[in-house]
Protein chains: 2
Amino acid sequence: MTAAGSGLPVVLPGPGQEALAATLVQALPGVLGEATVRRFPDAESFVRVESPVAGRPVVIACSLDRPDDKLVPLMLLAQAAREAGASRVLLAAPYLCYMRQDIAFHPGETASAAHVARWLSAAVDGLATVDPHLHRIARLEDVYGVPCRHVRAAPAIADWIAREVARPLLVGPDEESGQWVRDVADRAGAPAIVLTKQRRGDRDVEGSVPDVARWAGHTPVLVDDIISTGRTLAETVAHLRRAGMAAPVCVAVHALFAPGAAEALREAGAARVVSGDTVAHPTNAIPLAQALAEGVRELLGA
Amino acid sequence: MTAAGSGLPVVLPGPGQEALAATLVQALPGVLGEATVRRFPDAESFVRVESPVAGRPVVIACSLDRPDDKLVPLMLLAQAAREAGASRVLLAAPYLCYMRQDIAFHPGETASAAHVARWLSAAVDGLATVDPHLHRIARLEDVYGVPCRHVRAAPAIADWIAREVARPLLVGPDEESGQWVRDVADRAGAPAIVLTKQRRGDRDVEGSVPDVARWAGHTPVLVDDIISTGRTLAETVAHLRRAGMAAPVCVAVHALFAPGAAEALREAGAARVVSGDTVAHPTNAIPLAQALAEGVRELLGA
């Protein structure tokens with residue numbers, strides 16, 4: 001099948017994103033297009049759209065973990081696709097960058113999320129992503145100036161837990177995580193508990209202790225959207241172990257994994273650490289391409 | 001002197017640009033401001049303007065060699081300075097990136113220079129740079145939407161040659177370089193020759209051979225705007241050596257130096273390789289901060 005011979009969208013790999021593009025082509029379905037993204041000897045990016053895209057929608061597949069040196073070639077590639085005649089240029093970014101920098105916490109800082117959103121919105125006509133970190137920003141459209149679809153990892157995570165974990169007990173490390181954890185638990189047909197932070201004295205803040213006897217024989221499952229340093233999750237794992245719970249399984253949507261994060265979780269006593277495949281990592285176990293493709297299809301149909 | 005206590009511009013270092021900022025502060029003069037530019041564990045950039053800048057012009061000092069992972073923190077820092085109340089935010093970029101990508105040579109490519117110019121123009125209110133690579137783009141303002149000043153390295157290069165090279169003979173490797181080489185020669189009070197490409201047979205293209213006898217006792221000086229791979233310059237050095245000329249001195253404005261470039265020039269027979277200090281490199285010998293500061297002062301006065 002040639003790109004010119006079909007009505008399907010052309011999927012172009014962003015910088016280093018050949019595997020993601022190939023997966024997305026299957027899930028959409030689409031046609032795999034070819035793009036050259038390399039660096040000149042002076043370290044500037046060179047991009048070229050190698051496949052015919054005139055009159056057709058283009059989907060650039062690019063997960064935006066470690067984003068700084070991806071953003072320039074990505075935005076140039078989007079421009080090249082547009083100039084090559086693409087009818088629309090969409091971005092399929094399973095992990096969306098800079099969403100945690102949603103406020104200027106101190107004078108002299110800036111809400112980077114909004115600026116990056118403005119740059120990307122000038123480059124593409126639409127954006128699909130998986131579980132963006134929406135905290136102070138309520139909707140992607142509040143910062144992105146183009147149509148956005150954010151798809152949820154919860155159904156795929158719940159499927160994985162129901163399939164892989166015997167007698168799972170979903171555990172939310174704090175009240176903030178409650179709604180999300182209960183949703184996954186409901187979908188997995190599993191019970192859920194949510195810990196509360198308790199202050200004991202001036203400096204001793206620790207999560208509440210679960211009813212260990214009641215949950216004997218269950219495997220605690222901790223779910224979070226992002227594992228970066230892994231510190232929060234490791235603390236909760238250690239807390240549960242100290243309380244006498246079984247070794248927990250840790251599940252994250254986005255496996256950013258700063259250096260040392262995997263070790264910290266292991267040392268804290270996690271039985272297993274798994275992640276969605278939005279960011280390539282050895283812990284990837286939960287495929288999310290079908291969910292992402294659904295978001296892209298909605299954009300294409302809109 | 002505190003930043004708040006003077007009418008001078010506040011110079012903020014871009015990512016990794018503390019040395020340039022300190023030099024520019026002296027040359028302007030200005031007040032050295034403090035900026036934090038670092039990476040979070042997840043590799044996203046964090047920026048904070050640490051000095052008071054409200055109501056004052058800010059000059060961000062940032063050379064844009066190896067630009068891709070500098071552009072994001074640079075543009076965020078410009079936003080942070082603006083939000084901190086800077087009256088204007090100027091960019092002093094001794095080396096300006098992407099100017100050689102000034103055309104789509106083949107279908108599917110894009111003229112990256114124009115896109116990067118648009119992004120930077122949205123981030124800052126003015127730009128000063130040294131000898132940008134203006135080839136198909138005649139003036140910076142043709143792609144930049146903000147006031148620009150480009151200052152010339154020729155006077156400083158001519159000074160250096162007059163001071164450091166005994167009986168210099170300026171050599172232009174091809175006709176394109178002629179105007180620039182003759183200008184430097186005039187300023188240095190030195191003679192100049194410009195080689196012409198000669199085609200001998202189908203594939204044998206070589207520069208014309210200079211009048212070796214006439215220039216015996218002179219030191220050839222090759223001048224170029226950018227040394228990246230160093231290939232062009234190395235070929236000319238080898239050509240002059242084969243013709244029987246003395247070992248040449250190579251002078252570049254911008255020392256990009258891809259891996260292997262310095263070795264290629266040495267192996268070709270260069271006596272010495274020196275550069276302007278727009279890109280930090282061991283060959284830096286020609287200070288250009290005064291010239292850059294002049295461009296910034298013009299912008300500030302405009």
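**Helix α6 and the parallel sheet of chain A**

In this predicted model, helix α6 (residues 231–242) of chain A lies across strands β9, β13 and β14 (249–255) of chain A, running at about 170 degrees to β13(A). Contact here means heavy atoms within 4.5 Å; axes are lines fitted to C-alpha atoms, for helices over the stretch in contact, with angles from 0 to 180 degrees between N-to-C directions. Helices (H or I, at least four residues) and strands (E, at least two) are DSSP runs numbered from the N terminus.

The three strands belong to an open sheet of six, with parallel pairing and the order β10-β9-β13-β14-β15-β16 (chain A). Because β10 (192–194) and β16 (284–286) of chain A stand at the edges with a single partner strand each, one side of each has no neighbour in the sheet. On average, neighbouring strands of this sheet are turned by 35 degrees against each other, direction ignored.

A closer look at β13(A) is worthwhile. Seven of its nine residues are buried, that is, under 20% relative accessible area (1.4 Å probe, protein chains only). Strand β9 (residues 168–172) of chain A pairs with β13 (residues 219–227) of chain A over four parallel bridges, where pairing requires at least two bridges found by DSSP. P168(A) has T219(A) as its bridge partner, and V171(A) stands opposite L222(A).

Six bridges, also in the parallel sense, join β13(A) and β14(A), and one of the partners is H254(A), opposite I226(A). From β13(A) the chain crosses through α6(A) to β14(A) in a right-handed β-α-β crossover: with the strands pointing away from the viewer, the path from the first strand over the helix to the second runs clockwise.

Residues are numbered from 1 along each chain as its sequence is written, and chains are lettered from A and ligands numbered from 1 in the order in which they are written. Local features need pLDDT of at least 70 and side-chain atom pairs count only at pLDDT 80 or more, while totals for chains, interfaces and linings use all residues; side-chain values use heavy atoms, leaving out hydrogens and water.

Technical notes: Buried means under 20% relative accessible area, exposed over 50%, partly exposed in between (1.4 Å probe, protein chains only).
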